[in-house]
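Biologist: I would like to learn how to read burial, strand pairing and salt bridges from a model. Where do we start?

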Amino acid sequence: MFILYIIYIFYGLAFFTLGVAVLTKDTKLSSLDIAPILWLLGLFGVVHGLHEWIELYMHMNKADPQFNFMSWKIVRLLIVESSYVIMLVFALELMLVVSNRARLFASRKNAKLWGAFIILILTAAVFLISVEYRHDKLIRNLIGFTSSIFAGIGLVLYSKSVMSVSKSGAANFRYAGFSLVAYAFLTGVIPTGTIIPLIGINVVLLRGLSALSLMFFMLRAMKTFDEEQYRLIEKRLQLLAQSEKLTSIGKLAAGIAHEINNPLSNALLSTEILKGKVEGNEKALARLESIEKNIERAGRIARELLLYSREKGVEFTEISTESLLESVKTLLSNQPFYKNIRFKCEHPLYFQGIFWKAEEVLINLIMNAAEACPENPEISVECSEEEGFAVIKVRDNGHGIPENIKTKVFDPFFTTKEVGKGTGMGLYVTYNIMRLHGGSIEILSEEGKGTEVSVRFPEEACDGGKNTDN
């Protein structure tokens, strides 16, 4: 009996340790799909560990005539079923993560609602029957086995997606899944107290070993989040270095743009002189006018580049959406995707703001839209007036934003691009510029169906210059 007590102590301790380790792990910065639902596994560990200790307490006091065994039996049934229900919810969420990668469900929300409804009806019925018969057999057979087997299979299937982050982490998630599958059979199929034939071992010992195995491999799997954070820090340091390079390049470009303006002005003056000397020669005049237009265009681009890169003040002035879009067109006119952008502004709208910051907002959004699009991008920029706001919407036919990262897109340094191809600061800066203007930014996106980003500038005067939080 003493050995059985020791088994129960370590059996409960294994689950409790697993629960505490998972619940105290910081996974906020993780991009792994399992991170937002891992707390359910931790909660299961704590509650199930508590159940095992209650069962041990009942074993130790069942000979005491004053011990209210039946009341404790009902408490134990409630706790064990609660733990398995938590595991069942975790299994459902994990299967949804796996199935979402395989596109098995058209609507993740509907799948969750149906799952919650089935769990509620099932657990209520099982608990009432178990209380009636004062036995947890049905709870273990139906809910315990189902939740553990599906959670185990889910971990095994999910482990494949962790390979890109950590091969050892993927292997540990997989072995943790196998441990859960083993636990499912030991707890959901074989009754408590059964002595396994041939080896003569109590099934409780095997359950304890499977719990220790699950704890061991999950604790090792949790190191994946540490590796991920280390890589994230390394990546951000590289991005900061890249940002410093881009700042230097920007200063260099500003200097070059300034130097280019003088020879361009001389070239423009020379074309005017030449036009006076070739009067009557239509062919020569046409060529000179073409040269003149291209020089003016080059000068306009140089001036815009110089204006865009210069350190500027934060004084609010009246901005016309028409002039704003014209400036953006000039800056983007040499981009390969420019011909795929459709600008629509039927009549100019006016709002108070900082011109170069509003310009930066639109350029960030259009560049993001172009990078998110396939080979044939379709980008539209439209202006409209809505309830006292000048609204500019940028739409694209790109790959959209996955549901699991929608809440992170405004975080600084968050990017899904490869290292060196994005700083992760574009939307963060855009968000803060809109705050500075007393406006807002909203993203509507569906994976595989493109994205629409709306920025809303208030048309009434803002308190410009006082809030410089950008």
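Modeller: Start with the cut-offs: buried means under 20% relative accessible area, exposed over 50%, and partly exposed in between. Lysine 449, with a relative accessible area of 64%, is therefore exposed. Keep in mind that this is a predicted model.

Biologist: Which class does glutamate 446 fall in?

Modeller: Glutamate 446 is partly exposed, its relative accessible area being 46%. Its side chain forms a salt bridge with lysine 449, and the closest N and O atoms are 3.6 Å apart.

Biologist: How do I read burial for a whole strand, such as β9?

Modeller: In a regular strand the side chains alternate between the two faces of the sheet. In β9, Thr451, Val453, Val455 and Phe457 point one way, while Glu452, Ser454, Arg456 and Pro458 point the other way. Strand β9 covers residues 451–458, and 8 of its 8 residues are buried, so the strand is largely enclosed by the rest of the structure.

Biologist: Which strand is joined to β9 by 8 bridges?

Modeller: That is β7, residues 389–396, which runs antiparallel to β9. Two pairs show the register: aspartate 396 stands opposite threonine 451, and arginine 395 has glutamate 452 as its bridge partner.

Biologist: How many bridges join β8 to β9?

Modeller: There are 6 bridges between β9 and β8 (residues 440–445), again with an antiparallel run. Serine 440 is the residue opposite arginine 456. The two strands form a hairpin with 5 residues between them, and glycine 448 in the turn has a positive phi of about 85 degrees.

Biologist: What should I make of a positive phi outside glycine?

Modeller: Most residues other than glycine have a negative phi. Glutamate 387 departs from that, with a positive phi near 50 degrees. Glutamate 387 sits in the loop between β6 (379–386) and β7, and counts as exposed because its relative accessibility is 75%.

Biologist: In what order do the 5 strands of the open sheet lie?

Modeller: The order is β4-β6-β7-β9-β8, with mixed pairing. At the edges are β4 (341–344) and β8, each of which pairs on one side only. From one strand to the next, the twist averages 20 degrees.

Biologist: Which helix packs on the sheet and touches β4, β6 and β7?

Modeller: Helix α10, residues 321–332, does so, and its direction makes about 165 degrees with that of β6. Helix α11 (residues 355–372) lies across β4, β6, β7, β8 and β9, at about 20 degrees to β7.

Biologist: How many salt bridges are there?

Modeller: The count is 9. To judge one, check the distance from N to O, then where the partners lie in the chain. Arginine 456 and glutamate 386 meet at 3.0 Å, N to O. This pair links distant parts of the chain, with arginine 456 in strand β9 and glutamate 386 in strand β6, 70 residues apart. Glutamate 386 is partly exposed, at 27% relative accessible area.

Biologist: What does the salt bridge between arginine 395 and glutamate 452 tie together?

Modeller: Their side chains meet at 2.5 Å, N to O. Arginine 395 is in strand β7 and glutamate 452 in strand β9, so the pair ties together parts 57 residues apart in sequence. Arginine 395 counts as partly exposed, at 28% relative accessibility, whereas glutamate 452 is buried, with a relative accessible area of 16%.

Methods. Residues are numbered from 1 along each chain as its sequence is written. This is a predicted model: local features need pLDDT of at least 70, side-chain atom pairs count only at pLDDT 80 or more; totals for chains, interfaces and linings use all residues. Side-chain values use heavy atoms; hydrogens and water are left out. Buried means under 20% relative accessible area, exposed over 50%, partly exposed in between (1.4 Å probe, protein chains only). Helices (H or I, at least four residues) and strands (E, at least two) are DSSP runs, numbered from the N terminus. Two strands pair if DSSP finds at least two bridges between them. Axes are lines fitted to C-alpha atoms, for helices over the stretch in contact, and angles run from 0 to 180 degrees between N-to-C directions. Contact means heavy atoms within 4.5 Å. A salt bridge is a side-chain nitrogen of Lys or Arg within 4 Å of a carboxyl oxygen of Asp or Glu.
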